[in-house]
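Please find my notes on the chain below, set out as numbered points. They go from one sheet to the other, then to two helix residues and to the chain as a whole.

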Amino acid sequence: MESTRLFDPATYADGVPYELIAEMRSQASIHWVEEPAVMGWSEGPGYWAVLSHESVKRVLREPTLFSSHMGATQIRDPGTADMLSFVQRMMLNQDPPEHTRLRRLLTKSFTPRAISKLEVSIRSRAMEIVDRIVNQGSADFSSEIAAELPLMTLAEIMGVPEQDRMLLFDWSNRVIGYQDSEYSSSDQFDPATGTEMARKARSIRDNIGRDVNGQMPDPRSREGLADMYFYAGELAEYRRRHPGEDVVSTLLATADEEGAITTAEFETMFFLFAVAGNETLRNGIPGGMLALLENPGQLQKLLSEPHLLPSAIEEMLRFAPPVIHFRRTATDNVELDGVNIRAGEKVVVYHAAANRDPKIFNDPDNFDIERSPNEHLTFGAGPHFCLGAHLARSQMIAIFEQVLTRLPGIALNGKPEYLVSNFQNGLKHLPIIWRT
């Protein structure tokens, strides 16, 4: 069945299949998609793929009908009941009111002072990143430019010592690239340079059991990321004893009528920061760069009219969203755009499809840095609207200001290489060249 290609991670080895999505949406806004056994995954029960802007937005805004908690937010069902119970504790996989409490505590921790301090650091670090490569004449944009800024920003937010930040890189790779041989074995952290708690975490990784193919356990399980959860618990205790001005120190000291955040709650929130906060932006920045490089007329317009950068950032986010989809589960029988969905069925909203819905966006496959209005759904909608949207935009503006003004004649220097994933629209490698 043609729609099965939408599910198969191998389909995405050359990028999001926008032609397939457009063809499917022209037939119907909602399709039933089978989940055959692929790439080591067992067969699944299938799901409803939601491809229109209007219906995606409705699903995201109605958590009572479309739950993040019932089956969590990935297409594949967790392998066991214990795994489901574990991931359900994460804020990403909760519904109001449980989700509301954790989000409120986290929002209160992003104080105006903390955000102002972060924005100063973001601009400074973007400059430092380009300083290091400006005289090279060529680079891998994904690994040498785009990866470091979100990593350093997250380390500051979370109070992670700078020498431990490559742990964040490895953890996010292992989770997002579980089906990608390069990412699933990511091991960039050097224990010799890390803190004691980082070295202990690294030793725990060495003792995680592997299957007959050398594959580590599913990173959606506690066992699969035992090293990360150990580190998160140690960091929480350290920051309670030695609070800093970072967001995490504030979060751990913040309480409401239900009390302060627990270490267990913090551990799952740490996962959200380390993976979602890192990987999405790390993919969003190269996606935006590639859109500019493949549309040289728009690149030249931006170079000649730099005041268009904020608008260009929004178009990058629409045109190349880092997250392809999110799952919900129907809590009751419901009709959605003429389709009868039964209670318990998976409902998967495709941000990549909503962002190119011709009913909302004129000439949606055209990259236009002056597009207005631009009602993309890259940051979601409803109660799970991305909490880090403002900081994501700030980081994209900071790095593109540096790249576009200091790397003259920037151009592609080879073929981009995509992450094999049906969830993250990732560019593992983006070779570029410029004049020195």
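1. Which residue in S14 is the bridge partner of Leu412? It is Ile432. The model is a predicted one, and the points below should be read as describing that prediction.

2. The pair just named belongs to the contact between S11 and strand S14 (residues 431–433), where two bridges join the strands in an antiparallel run. The sheet around them is open and has three strands, ordered S4-S14-S11, with antiparallel pairing. Strand S4 (138–140) and strand S11 (411–412) are at its edges; each has a single partner strand, so one side of each has no neighbour in the sheet.

3. A second open sheet has five strands in the order S1-S2-S10-S7-S3, and its pairing is mixed. Here the edges are taken by strand S1 (30–35) and strand S3 (66–67), each with a single partner strand, so that one side of each is left without a neighbour in the sheet.

4. At one edge of the five-stranded sheet, S1 runs antiparallel to S2 and is joined to S2 by five bridges. Within this pair, Glu35 is placed opposite Gly44 of S2. Strand S2 covers residues 44–50, and six of its seven residues are buried. S2 also pairs with strand S10 (residues 346–350), this time in parallel, through four bridges. Val50 has Val349 as its bridge partner in S10.

5. At the other edge, two bridges link S3 to strand S7 (residues 325–330) in the antiparallel sense. Ser67 faces Thr329 of S7 in this pairing.

6. Is Ala274 buried or exposed? Ala274 has a relative accessible area of 0%, and therefore counts as buried. This residue sits in helix H14, which spans residues 263–293. Leaving aside residues up to four places away in sequence, Ala274 touches Met158, Leu168, Ser172 and Met228. Trp171 is 103 residues away from Ala274 along the chain, yet the C-alpha atoms of the two are separated by 7.2 Å.

7. Arg101 is worth a look as well. This residue is part of helix H5 (residues 98–109). Arg101 is buried because its relative accessibility is 9%, under the 20% cut-off. With residues up to four places away in sequence not counted, Arg101 touches Asp256, Glu258, Gly259, Ala260, Ile261 and Glu265.

8. Now the chain as a whole. The chain contains 18 helices and 14 strands. A compact globule of 436 residues would have a radius of gyration near 22 Å, and the 21 Å of this chain agrees with that. Along the principal axes, the C-alpha atoms fill a box of roughly 55 × 55 × 50 Å. Buried residues make up 59% of the 436 in the chain. Among contacts with a separation of 6 or more, 71% are between residues 24 or more positions apart.

9. On surface and charge: about 17900 Å² of the chain is exposed, and 50% of this comes from carbon and sulfur atoms. The side chains include 43 positive and 60 negative ones. The centres of these two sets are 3 Å apart.

How values were computed:
Residues numbered from 1 in each chain as written. Predicted model: local features only at pLDDT ≥ 70, side-chain atom pairs only at ≥ 80, totals over all residues. Heavy atoms only, no water. Buried < 20%, exposed > 50% of the residue type's maximum accessible area, 1.4 Å probe, protein only. Contact = heavy atoms within 4.5 Å. Pairing = 2+ DSSP bridges. Rg over C-alpha atoms; globule rule 2.2 N^0.38 Å. Areas by Shrake-Rupley, 256 points an atom, 1.4 Å probe, with all protein chains shown as cover. Lys, Arg positive; Asp, Glu negative; His and termini not counted. Charge placed at Lys NZ, Arg CZ, Asp CG, Glu CD.
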